[in-house]
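Got your viewer open? Here is a short tour, one selection at a time.

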Amino acid sequence: MKKTNRIIMVSAILLGCVAQVQAAITNVTVSANVLTGIPAAPAAPAIISAPSDVLDGCATAGGQVGFDEAQGVLLSAPLYADDGVVIPAGTVVDSHMIFLNLPVSISSAQQEAIWIFKKPIVAVMSDSGGIYEAASSSLLGAPSTNYLVSPSPSTPGCMNAAPFNARGLETSTQYLHRKCVSANPDDCYTVSGNSIDLLMAASQPGDWIRVITQGALKVAIDIKNEGEHKRKCIENHKHEQLHVTILGNANVDVKQINTASLSLADMTVQVHGDEGKQGKDRREEGRGRDKGESNKSCKVHDTNHDGFYDLVCEFRGDATGISEGSTLLELSGQLKNGVPIEGSDTVCVR
Ligand SMILES: [Ca+2]
Ligand SMILES: [Ca+2]
Ligand SMILES: [Ca+2]
C-alpha cells in the first residue's frame, strides 16, 4: 500500500507542473464571532500557498489560513474521518488544510470563517489529538510540506509535529464534531455542500483541521484549434472545432475513458461519432467525415512518446460563451468504472 501511495504522490508532483488545475479552495470570508471573552483574531482569514512546515512551531499567522494539499488522490485503502465517516478505497479525493496557529505574542484569539471549495466536502478531520490528520498526512499532505518530521529539517528549532494534545479542535468528544450554533462554548464547524463554516478559538498550540473534498484523477491536456495547426488561439464563435489531447499517465489509462462523458467547461461541446446517437446527430448535420462509425472521433496513440497511450478527441460546439483573452478551459469526464478525471489547458480566445 505504501508503494502505491508513493506512486500517487510522485505522479501528483509530476502532474502538478503541467496540469494547471485551478486551486480547489476558491474563497474565504470572515463570519460572525460568537464567543465572548476571547478577542477576535487580528488578521483576516487567507488562502495561502502550501507552507514548508505545519509543525506547531512554524507557519504562524494572526488569522485562519488554508491551503490545497494533495489533489486527485485515488484511495487504495479506506480513509477515516470525523463522526465515523469512512471514505471507501477507490474514491478520488482532494485534500486541504486549515489552521489557526497564533504567534506566541498573541495569547488567544478566535475567528469564524466561511471557506468555499470548488467541489463538495466529503469529510473533515478535526479530532483534538490530530490523530486522523497525522495518519493521513503521508498520503494527503502537500508534496513539499513537512508534517511529520520534528524538529523541522528546514526551520531550525521548529518543533511539534502532529499528533499532539490539542492539535485539532477542542470538542468535548474526541471523534465527534460540534456544529456551530449560537453561544458555542468553543471550536465548531458546520459543513454545507462546498462550504464549511469554521470557528476556531485558539491560544497555544492552535487548531488544525483537514478538509476532504471530492476529487478527480488529474490528466494533462492539450487543446488546439483545428484550422490553424497547433495554434492555441480559438475563435469566439459558434461551431468551433477543437482537438483535445488527453495525456495518459500512471494513474489514467486513456483506453478506460468513457468518451461520451467528456465535456469542456463553459462550452456546449460534443464528442462526435463516439456513440450511436451522436454519430446519428453528426450525419444529420452533414458532417459525416467519419462515415458515422463509432469511436472515430477519438483516437488512441502515444502522442508524446512517454510510453502511456493518449486520447485525441475532436470537440465541436458553441464557443461564444468563452471570454476573450487567455482562458483556462477545463475538461472533465469519467473512466468506464465511474472514477472522475479532469484536466485543463490555457488557450487564447479572440
Ligand atoms: Ca481551539
Ligand atoms: Ca487545538
Ligand atoms: Ca503519452
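Among contacts in the chain between residues at least 6 apart in sequence, what percentage join residues at least 24 apart? The figure is 70%. Keep in mind as you click around that this is a predicted model.

**Whole chain**

Start with everything selected. You are looking at 350 residues, and 40% of them are buried. Switch to cartoon and you should find 3 helices and 22 strands.

Now colour by confidence. The chain has a mean pLDDT of 83, with 80% of its residues at 70 or more. Two stretches to pick out are residues 1–21, where pLDDT is below 50, and residues 273–296, where it is also below 50. Beyond near neighbours in sequence, the model gives 35 contacts to residues 1–21 and 31 contacts to residues 273–296. Don't get drawn into those, though: where pLDDT is low, the predicted coordinates should not be read in detail.

**The core**

Next, select V54, V73, W115, V124, L198, V219 and I246. These are the residues that touch the most other members of the largest nonpolar core, which has 75 residues. Where does this core lie relative to domain 1 and domain 2? Colour 2–214 as domain 1 and 217–349 as domain 2: both give residues to the core, so it lies between them. As a general point, nonpolar side chains in soluble globular proteins tend to be buried together.

Zoom in on V219. Leaving out residues up to four places away in sequence, V219 touches I246, L247, N249, V252, I341 and G343.

**Strand β9**

Move to residues 121–125, strand β9. Is this strand enclosed or open? It is largely enclosed by the rest of the structure, because 4 of its 5 residues are buried. Now add residues 207–214, strand β12: β9 and β12 pair in the antiparallel sense over 4 bridges. For one of the bridges, click M125 and look across to R210, its partner in β12.

**The loop from α2 to β10**

Select Y147, which sits in the loop between α2 (131–140) and β10 (188–192). Why does Y147 count as buried? Because it has 22 C-beta neighbours inside 10 Å, and the cut-off for buried is 20 or more. Its contacts, not counting residues up to four places away in sequence, are V54, S137, G141, A161 and A162. V54 should ring a bell from the core selection. Try the distance tool too: from Y147 to E133, C-alpha to C-alpha, you should get 9.3 Å, for two residues 14 apart in sequence.

Stay in this loop and select P151. The peptide bond leading into P151 from S150 is cis, with omega near 0 degrees.

For another cis bond, jump to P205, in the loop between β11 (195–202) and β12. This bond joins Q204 and P205, and omega is about 10 degrees.

**Two positive phi values**

Last stops: A59 and H305. A59 is in the loop between β2 (46–47) and β3 (65–68), while H305 is in the loop between β19 (298–301) and β20 (310–318). Neither is a glycine, yet phi is positive: near 55 degrees for A59 and about 55 degrees for H305.

Is H305 buried or exposed? H305 is exposed, with 8 other C-beta atoms within 10 Å. A59, on the other hand, counts as buried because it has 22 C-beta neighbours inside 10 Å.

Definitions and conventions
Residues are numbered from 1 along each chain as its sequence is written. Chains are lettered from A and ligands numbered from 1 in the order in which they are written. A residue is buried if 20 or more other C-beta atoms lie within 10 Å of its own, exposed if 12 or fewer, and partly exposed in between; C-beta atoms are placed from the backbone. Two residues are in contact if their C-beta atoms, placed from the backbone, lie within 7 Å. Two strands pair if DSSP finds at least two bridges between them. pLDDT is the predictor's confidence in each residue, from 0 to 100. A nonpolar core is a set of buried Ala, Val, Leu, Ile, Met, Phe, Trp, Tyr and Cys residues joined through C-beta atoms within 7 Å. Domain bounds come from an automatic or database domain assignment.
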